[in-house]
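Visitor: Please take me through one part of this structure in detail. I would like to look at the place where the chains meet, and then at what lies around it.

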Amino acid sequence: MAGVLVFAEVKDGKLKRASREALSIGRKLAAAAGGDLAAFATDRAAAADAGLYGAKKVYVAAVGPYATETYAAAVQQAISQMQPSIFLLGGTSNGRDLAPRIAARLNVGVASDVDRLEWIDGKLRARRPVYSGKAFATVDVGGNPAIATTRPNAFPPEESGDGAAEVVDITVPQIQAKAKLLETRTPEAGELTIAEADIIVSGGRGLKEAANFSLIRDLAHAIGGAVGASRATVDAGWIDHQHQVGQTGRVVSPNLYIAAGVSGAIQHLAGMSSSKHIVAINKDPEAPIFRVADLGVVGDLFQIVPALTEEVKNAKAH
Amino acid sequence: MNSVVCIAQVPDTEARIKIAAGGRRIDEAGLKFIVSPYDEFALEEAIRVKEAKGGDVTVISFGPDRAQQALRECLARGATQALHIKGEVADADSLGIAKVLAAAIKSTPHDLVFFGKQGVGTDNSLVGPMVAELLGYPQVNVVTHLEVGDGKATAHREIEGAEEIIEAALPAVITAQKGLNEPRYASLKGIMAAKKITIETKSVADLGLQDSDIFNQRVTTVAIELPPEKKGGRKIDGADPAAAAKEILKYIREEAKVL
Ligand SMILES: Cc1cc2nc3c(=O)[nH]c(=O)nc-3n(C[C@H](O)[C@H](O)[C@H](O)COP(=O)(O)OP(=O)(O)OC[C@H]3O[C@@H](n4cnc5c(N)ncnc54)[C@H](O)[C@@H]3O)c2cc1C
Ligand SMILES: Nc1ncnc2c1ncn2[C@@H]1O[C@H](COP(=O)(O)O)[C@@H](O)[C@H]1O
């Protein structure tokens with residue numbers, strides 16, 4: 001047992017950011033735990049990219065688009081070939097779908113959505129937000145390999161300066177999958193999703209009506225961010241629940257979170273208070289959102305948001 | 001068409017979390033416990049399947065005595081049977097919980113097994129797929145739409161910026177996302193009817209499992225801590241929108257450094 005294996009997902013011919021993040025922390029763990037960093041991929045395009053992040057080998061199984069059972073069989077094969085002491089996955093939909101399946105198959109420990117990872121006394125130690133970020137749990141993850149999914153934006157991607165990784169083709173035993181993908185639908189083509197966004201602009205009930213979400217969209221578009229929303233606006237049908245931030249929405253930790261017309265209820269704060277920089281615009285000086293905001297602006301969002309959008313556009317034009 | 005719904009009982013989302021002495025658990029004193037919000041969508045979907053096709057809806061919860069309240073509430077909403085597996089769930093890792101639930105599900109008639117996409121509080125999103133693996137079933141996670149046909153189910157799975165439509169052979173594991181349905185409240189009639197149903201109780205040993213495989217295995221909690229209290233930062237007056245916008249831009253560029 002040695003080394004770190006990372007699930008490397010490719011989208012549009014490039015390694016997903018979540019996978020680059022997982023490789024970057026994986027490289028540090030491999031240095032501490034001993035052994036090499038390697039990647040598992042289903043696409044040879046991952047090999048060159050993964051090499052840049054320090055992977056020495058890439059195990060490639062050409063099994064096509066994501067399907068739980070097939071990927072589980074392929075990963076199992078790669079794990080038994082490499083015998084890593086740690087297996088990491090970026091916390092994407094697929095990473096989170098696959099990790100528990102592998103852990104149950106191998107009877108090993110898994111920690112989800114971790115924002116810190118260390119190798120201590122021959123064990124993987126992880127920190128993860130619990131109670132929607134109201135507390136942090138530090139856990140020891142046992143098993144060969146110990147598994148973790150990494151929280152988006154928690155581990156900065158760092159290139160290692162190395163070259164392409166060696167490709168090792170693996171053959172996967174034919175399995176009779178009980179589920180099959182019929183179709184993939186992309187409803188909001190081009191819109192960034194809050195799960196992986198580096199910048200999020202969120203709107204709340206202060207927007208007054210659905211049409212005014214255009215103010216939030218315009219700012220998000222200008223700044224290159226994703227559109228977030230409070231539950232009140234989702235429940236009112238102003239915006240799809242995919243955008244909801246909070247305890248029953250997504251827990252996010254972007255670099256910059258801008259909230260306009262959001263009061264900052266405890267369930268909303270739980271989903272965004274770990275953002276690195278928080279700007280809040282609210283006309284009520286007592287709004288609880290100001291307790292977590294690094295920059296709070298007491299004022300009318302209908303005036304300030306469009307003005308900010310113009311400023312951002314101007315700044316980008318220069 | 002029979003369904004099983006796995007119900008996690010969790011602290012109320014409004015609750016302030018305090019850490020218990022020893023620093024490895026939360027202090028439960030005075031905490032209100034609720035049915036985990038995503039499990040409500042799971043239960044509602046199972047009840048709708050029952051209403052359309054007949055069959056039973058069995059709710060199962062693994063936890064201390066208080067878990068009975070959660071099961072009672074599910075019965076009042078329309079579940080037809082309930083099974084409580086007694087145990088200190090706080091000492092079990094996700095795979096331990098999954099082993100307990102898988103064993104309980106095996107002895108309960110089922111075509112569909114429902115979970116929440118995540119337990120609110122543990123925030124793991126692990127138990128559902130683990131049960132699927134242990135039982136050798138297909139899984140569809142983070143489901144926003146479900147159609148149940150003959151021997152198969154078609155489910156819409158939410159992924160980043162898109163959705164997948166997946167067909168799974170039954171029995172299958174489905175984990176519910178918000179948007180799957182609009183959960184009903186318990187009616188007075190439901191509350192009365194639920195009182196007549198006995199909640200079956202079992203121990204981990206009754207399921208033929210060893211405590212040593214369930215508790216304090218694989219994943220062990222070293223510490224639980226509260227995050228450092230975030231102090232509000234600067235507050236400025238936005239009466240002059242243009243000036244406020246300039247101030248925000250300055251912050252974004254110089255401190256957040258994202259532009
Ligand atoms: C079990 C449970 C789970 C929940 N989960 C979530 C969750 O995941 N996410 C979530 O967000 N909520 C969640 N909630 C709901 C939460 O409690 C709040 O109801 C919700 O967040 C409020 O949304 P809001 O801030 O948009 O609306 P409000 O609380 O109504 O706030 C509107 C704000 O807009 C401001 N405003 C009004 N006009 C203007 C203006 N012209 N300019 C500037 N500011 C203005 C007001 O001062 C006010 O602060 C949950 C609740 C429960 C019970
Ligand atoms: N102790 C438990 N008893 C019954 N079901 C549970 C329990 N813990 C978790 N679950 C189910 O598994 C789902 C996911 O939980 P988790 O993996 O902890 O995020 C929950 O939404 C429940 O449906």
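Visitor: To begin with the whole, how many salt bridges does a search of the structure find over all chains?

Guide: The search finds 36 salt bridges over all chains. The model is a predicted one, and every value below is computed from it. One of these salt bridges joins the side chains of B:Glu88 and B:Arg25, at 3.6 Å from N to O. B:Glu88 sits in the loop between strand S5 (81–86) and helix H3 (94–106) of chain B, and B:Arg25 in the loop between strand S2 (9–11) and strand S3 (33–35) of that chain, so the pair ties together parts that are 63 residues apart in sequence.

Now to the part you asked about. Across the interface of chain A and chain B, the rule finds seven salt bridges. A:Arg250 and B:Glu158 meet through their side chains in a salt bridge, with 4.0 Å from N to O. Between the two chains there are also 46 residue pairs in polar contact, counted where both residues have pLDDT of 80 or more. On the side of chain A that touches chain B, helix H4 (residues 93–106) of chain A supplies the largest share, nine residues. By residue type, that side of chain A divides into 39 nonpolar, 28 polar and 23 charged residues.

How much of each chain takes part? In contact with each other are 90 residues of chain A and 82 residues of chain B. The size of an interface is often given as the accessible area lost when the parts come together. For chain A and chain B, the area buried is about 7,200 Å², and carbon and sulfur atoms give 55% of it. Within chain A, the residues that lose the most area to chain B are A:Arg101, A:Tyr131 and A:Leu295; together they make up 9% of what that side buries.

Strands also pair between the chains. Strand S13 (residues 179–185) of chain A runs antiparallel to strand S9 (residues 162–169) of chain B, and the two pair over six bridges. To find one of the positions, look at A:Leu181, whose bridge partner in S9 of chain B is B:Ile166. Staying in chain B, the loop between S9 and strand S10 (172–176) holds B:Pro171. The peptide bond that leads from B:Leu170 to B:Pro171 is cis, with omega near -5°.

Chain A has a cis bond as well, from A:Asn144 to A:Pro145, again with omega near -5°. A:Pro145 belongs to the loop between strand S10 (135–141) and strand S11 (146–150) of chain A. Another backbone detail of chain A is at A:Asp121, in the loop between strand S8 (116–120) and strand S9 (123–130). Phi of A:Asp121 is near 50°, a positive value in a residue other than glycine. These details can be set against a general rule: most residues other than glycine have a negative phi, and most peptide bonds are trans.

Back at the meeting of the chains, ligand 1 lies between chains A and B. There are 27 residues around ligand 1, and A:Arg205, A:Ser230, A:Thr248, A:Ser263 and A:Gln267 come nearest. A backbone N or O atom of A:Arg205 is 2.7 Å from an oxygen atom of ligand 1. For A:Gln247, a polar backbone atom is 3.0 Å from an oxygen atom of this ligand. A:Asn282 takes part through its side chain, with a polar atom 2.7 Å from an oxygen atom of ligand 1.

Ligand 2 has 19 residues around it, of which B:Cys6, B:Asp39, B:Phe62, B:Gly119 and B:Thr122 come nearest. The side chain of B:Asp39 has an N or O atom 2.5 Å from an oxygen atom of ligand 2, and for the side chain of B:Thr122 the value is 2.7 Å. B:Asn124 takes part through its backbone, with an N or O atom 3.2 Å from an oxygen atom of ligand 2.

How values were computed. Residues numbered from 1 in each chain as written. Chains lettered and ligands numbered in written order. Predicted model: local features only at pLDDT ≥ 70, side-chain atom pairs only at ≥ 80, totals over all residues. Heavy atoms only, no water. Contact = heavy atoms within 4.5 Å. Buried area = accessible area lost by both parts, 1.4 Å probe. Polar contact = N/O pair within 3.5 Å; in protein donor to acceptor, adjacent residues only side chain to side chain. Helix = DSSP H or I, 4+ residues; strand = E, 2+ residues; numbered from the N terminus. Nonpolar A, V, L, I, M, F, W, Y, C, P; charged D, E, K, R; others polar. Pairing = 2+ DSSP bridges. Near = heavy atom within 4 Å.
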